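Here's a quick tour of a two-chain model, written for someone who'd rather poke at coordinates than read a long preamble. Have a look first, then read on.

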Amino acid sequence: MKKFILLNEEVLHFHPLFPPLFSLPISQLFFSSLIFCKTKKKNEGQDSAWHAVASWTWDAQDETCGICRMAFDGCCPDCKLPGDDCPLIWGACNHAFHLHCILKWVNSQTPQAHCPMCRREWQFKG
Amino acid sequence: MIKLFKVKEKQKELAENANGKPPVKKQSAGELRLHKDISELNLPKTCTIAFPNGKDDLMNFEVTIRPDEGYYLGGTFVFSFQISPIYPHEAPKVKCKTKVYHPNIDLEGNVCLNILREDWKPVLNINTIIYGLYHLFTEPNHEDPLNPDAAAVLRDNPKLFESNVRRAMAGGYVGQMFFPRCV
């Protein structure tokens, strides 16, 4: 699922295309479109301000999470809505999973969890 | 027209049931994942899968392996799989239902396969386990044995091991232990 965010002129000017709700490095998001649109106020016929609307998807190398096999653009099986509520997270080894899926795995492994893909020691990418 | 009324009645019925207890059990995350695993199965010709409890119980099933090479050529071996609701965070429980003379399978049917135990990780799936089991028959391994006698024979005298396997699969005794026919 694509996620649309509304950027006001100020945000667009000072923080180009940065998702305001979820602070991820911009390299991990893939912006597929940026459009400008004008909105009209309900009762008046006049145009109001221009708005910039960007849509983005996750920029992971895979399409699906290796743990739950659900789409990265969807959410993990315990969540209902994709996006900020069910984010992706990268390990130091650059493998991505749904945050909830990898947390479940990491918490079940003692003392040290390993990446389910490459078996390297799991560390969250800083 | 009649059909439409029937549909409406059914909907009403469902809604009434929903007020009491939930009419349909929600699929657990484990079931959801297992469903994907099963729909993406890509088995070798030597392996088949069956659901003895029907399609309502996908969490318990059987896999039959008929090796087409190696010591166990011609035998038929049945494994039961039990999938936990927290799959894939826990490995499936796999048992061999066929009594077999094998260094890595004991006489109770416990299977020694690394990916079923210490090396399990949630990116593995049912397909990889079945390939792992098949591999046990083409390459039995005398290190890390569950049947130490069979392992010692395989290590010290492969010819004797081969004839022991043949005898066990045809239905007969190896030492004091009887093995039912499985060819």
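Below are some notes on confidence, the contact between the chains, one annotated domain and one helix.

Keep in mind that this is a predicted model. It comes with an ipTM of 0.74 and a pTM of 0.76. For chain B, the average pLDDT is 90, and 86% of its residues score at least 70. Where pLDDT is low, the predicted coordinates shouldn't be read in detail.

How do the chains meet? Eleven residues of chain A are in contact with nine residues of chain B. On the chain B side, the touching residues split up like this:

| Class of residue, chain B side | Residues |
|---|---|
| nonpolar | five |
| polar | one |
| charged | three |

Over on chain A, UniProt (an unreviewed entry) puts "domain: RING-type" at residues 76-119. That stretch of chain A is 23% helix and 14% strand, with 22 Å between its end C-alpha atoms.

Back in chain B, take helix α3, residues 126-138. With 13 residues at 1.5 Å a residue, α3 of chain B should span 18 Å, and its end C-alpha atoms are 19 Å apart, which agrees. Which residues of α3(B) are buried? They are B:Ile126, B:Ile129, B:Ile130, B:Leu133, B:Tyr134, B:Leu136 and B:Phe137. Looking down the axis of α3(B), those buried residues fall within an arc of 150 degrees, so they line one face of the helix. An α-helix has 3.6 residues a turn, so residues three or four places apart point the same way.

And what does that buried set pack against? In chain B, the buried residues of α3(B) pack against α2 (29-39) plus the strands β1 (47-50), β2 (60-65), β3 (77-82) and β4 (93-96).

Key: Residues numbered from 1 in each chain as written. Chains lettered and ligands numbered in written order. Predicted model: local features only at pLDDT ≥ 70, side-chain atom pairs only at ≥ 80, totals over all residues. UniProt positions renumbered as here; feature names shortened; annotations may be inferred. Helix = DSSP H or I, 4+ residues; strand = E, 2+ residues; numbered from the N terminus. pLDDT = per-residue confidence, 0-100. Contact = placed C-beta atoms within 7 Å. Nonpolar A, V, L, I, M, F, W, Y, C, P; charged D, E, K, R; others polar. Expected span 1.5 Å × (residues − 1). Buried ≥ 20, exposed ≤ 12 C-beta atoms within 10 Å, placed from the backbone. Arc of directions from axis to C-beta.
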